[in-house]
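User: I am new to this structure. Please take a close look at the part around the ligand, then show me a few loop residues elsewhere.

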Amino acid sequence: MKTLRDIDIDNQTVFIRCDFNVPKDEFGNITDDRRIRAALQTIRYCIDHGAKVILGSHYERPKPSLFDPKFSLYDVYKRLDVLLKIKNHLHFDNSKCGEVVSPAVREIAANMEPGDVLLLENLRFDAGETTNDPRFAKKIADLVDVYINDAFGACHRKHASIDAITDYFDCEHRAAGFLLAKEVNFFSRVLNNPMRPFVAVVGGSKVSGKLEALTRLLDKVDKVIIGGGMAFTFLKAQGYEIGNSLVEEDLIDEAQRIMDKAHKQGVKFYLPVDVVVAPEFDENATTKFLPTQEIPAGWMGLDIGPASTRLFREALNDAQTIIWNGPMGVYEMDKFAKGSIKMSHYIAETHATTVVGGGDTADVAQRADDVDEMTFVSTGGGASLKLIEGEPLPGIDALTCPGEEA
Ligand code: AMP
C-alpha cells in the first residue's frame with residue numbers, strides 16, 4: 001500500500017478523506033477530539049509540501065439532501081481551527097445549503113493558495129456517499145489532483161469517498177495517509193507476530209457482532225477473557241441460570257463450540273465468576289454483587305464483579321500482548337462502570353503491548369484516564385474488528401495498485 005510519502009503532492013490540490021465522526025455531549029460539545037488530532041500529521045505534511053488541502057468526512061447518519069445543524073461539521077471546523085493554527089487559511093462553506101460540493105465550495109477551491117485548507121460539509125448530506133455513487137465521487141474528484149485516504153474508521157464501508165472515488169485517480173495520485181497506514185501496520189504486526197503470551201479481552205453487548213473475530217482470535221491468542229453482555233450467552237451454554245441478562249439464544253451452541261475449540265487448542269478461556277446484578281436496566285436500580293451461580297430469576301447482570309476483575313488481572317499478569325475490544329459492563333452508567341474501568345487500569349498497568357479497539361472501549365480507556373498508558377488506541381471500531389477477522393477492507397482494497405498486496 002502506497003503512503004502519502006511515496007507520491008508527489010508538492011503544489012497539488014489534495015483531497016484527504018478523514019474520519020471526523022467525533023462524540024459530542026447533549027449540548028453539542030465535542031467530548032473527545034482524538035480523531036481530529038489523529039488526522040493532523042497527514043494534514044500538516046500536505047500543508048508543509050505546499051499542497052492545497054480539501055478535507056472530507058462523514059458525521060453520524062443524517063437524512064441525505066437535508067441540512068440539519070445537528071449533523072453539520074461546523075463544530076469540527078471550529079476545533080480544527082484551534083488545532084491547526086493556520087488562522088485565515090482554513091475555510092468552510094457555512095451556507096447551510098446541504099450541498100457538499102456547493103457553488104461556494106467550488107469557488108473557494110478555485111481560489112485556494114498553497115497551504116490553504118478547506119473542510120467540506122458532512123459527506124453524508126449527499127445521498128451518493130453511502131450508495132457509493134460515482135457521480136458524487138466525481139464531484140469531489142474534479143476539485144483535486146490527488147486522493148488520500150486517512151479514514152481508518154470508515155474503511156470497512158464501500159462508500160463514494162472511500163471506494164468509488166479511487167477510480168478517478170491512478171496509482172501515482174492516490175495513497176494512504178499516515179494514520180491509516182499506522183493503524184493497518186499496527187494491527188497486522190500485532191496479529192501476525194505477537195509477543196506471547198497474547199491475551200484477547202473481549203466484551204460488549206453481543207456475541208453476534210464479534211463471533212467471527214472471536215473465532216479467528218482463537219487461532220492466534222493464548223488466552224481469551226470474556227466480559228460484558230456477551231458473557232451471559234457463554235455462561236448459559238455452560239448451564240448457568242442467568243435471569244434476565246442479555247442472551248442470544250440462537251448462539252448458545254456456537255458459544256459452546258467456541259469454548260470447545262479453545263479447549264482443544266489449549267487456549268485458556270476465562271468467564272466472569274461474579275456479576276453486578278440489578279432487577280432492571282436503570283442507573284438507580286438496587287444492585288447486588290453475586291457469584292455467577294446465584295443470579296436470581298428476573299435480575300440481570302450489568303457488570304462483572306470484583307472477584308472477576310481480580311481473576312482477570314491474574315490472567316493478564318504475564319501477558320506480553322493484549323488486544324482489548326468491548327467494555328465489561330454497561331459502563332455508560334456509573335453504577336455498572338467499575339468492571340470496565342478496573343480492567344482498563346489493569347491492562348494499562350501491564351508491561352504488554354496493549355491495543356485498544358472500538359469506540360466504546362477507547363471511551364472506557366479515556367474515562368479511566370489510561371489512554372496515555374496504552375500502546376495503541378485505534379480510531380476505528382468496526383474496521384479494527386474486520387482486520388481481526390481477516391476480512392479485506394474496501395477502503396484499503398481500493399487503494400491497492402497492480403503488483404501490490406492489500
Ligand atoms: P458493542 O457495541 O457490542 O461493543 O457493545 C457495547 C455496549 O455493550 C455498551 O454500550 C455497553 O453498555 C453494552 N454492555 C456491556 N455489558 C452489558 C451487559 N452486561 N448488559 C447489557 N449491555 C451491556
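Analyst: Start with the ligand. In this predicted model, 14 residues surround it. The closest are Ser205, Lys210, Gly229, Gly301 and Glu332. The shell around the ligand is mixed in character: five of its residues are nonpolar, six are polar and three are charged.

Now the individual contacts. Glu332 uses its side chain: one of its polar atoms lies 2.4 Å from an oxygen atom of the ligand. Ser205 uses its backbone. A backbone N or O atom of Ser205 is 3.0 Å from an oxygen atom of the ligand. Gly301 also uses a backbone N or O atom, and its partner is a nitrogen atom of the ligand, 3.0 Å away. How much of the ligand does the protein cover? On its own, the ligand has 510 Å² of accessible area, and the protein covers 79% of that. As for its site, the ligand sits in the second largest pocket.

Next, the loops. Take the one between helix H2, residues 74-84, and strand E3, residues 90-92. Asn88 is found there. Its relative accessibility is 68%, so Asn88 counts as exposed, the cut-off being over 50%. Asn88 also gives a sense of distance. From its C-alpha to that of Ala307 is 56 Å, and 219 residues separate the two in sequence.

Lys85 lies in that loop between H2 and E3 too. Its phi is positive, about 55°, although Lys85 is not a glycine. Lys85 has 67% relative accessibility, and therefore counts as exposed.

Ser65 has a positive phi as well, near 70°, and is likewise not a glycine. Its loop runs between strand E2, residues 52-56, and H2. Ser65 is exposed because its relative accessible area is 57%, which passes the cut-off of over 50%.

Further along is a peptide bond to look at. Arg196 and Pro197 are joined by a cis peptide bond, with omega about 0°. Pro197 belongs to the loop between helix H5, residues 178-192, and strand E7, residues 198-202.

Last comes Thr287. Look for it in the loop between strand E10, residues 274-278, and strand E11, residues 288-291. Is Thr287 buried, exposed or partly exposed? Its relative accessible area is 26%, so Thr287 is partly exposed: buried would need under 20%, and exposed over 50%. Thr287 and Phe125 are 162 residues apart along the chain, and 44 Å separates their C-alpha atoms.

Methods
Residues are numbered from 1 along each chain as its sequence is written. This is a predicted model: local features need pLDDT of at least 70, side-chain atom pairs count only at pLDDT 80 or more; totals for chains, interfaces and linings use all residues. Side-chain values use heavy atoms; hydrogens and water are left out. A residue is near a molecule or strand if one of its heavy atoms lies within 4 Å of it. A polar contact is a pair of N or O atoms within 3.5 Å; within protein, one must be able to donate a hydrogen and the other to accept it, and residues adjacent in sequence count only if both atoms are side-chain atoms. Accessible areas come from the Shrake-Rupley method with a 1.4 Å probe; for residues, only the protein chains shown count as cover. On a 1 Å grid over the protein atoms alone, a cavity is a set of points where a 1.4 Å probe fits but cannot get out, and a pocket is an open set with protein on both sides within 12 Å along at least five of seven lines; lining residues have an atom within 4 Å of a point. A molecule sits in a cavity or pocket if more than half of its atoms lie within 2 Å of its grid points. Ala, Val, Leu, Ile, Met, Phe, Trp, Tyr, Cys and Pro count as nonpolar, Asp, Glu, Lys and Arg as charged, and the others, Gly among them, as polar. Helices (H or I, at least four residues) and strands (E, at least two) are DSSP runs, numbered from the N terminus. Buried means under 20% relative accessible area, exposed over 50%, partly exposed in between (1.4 Å probe, protein chains only).
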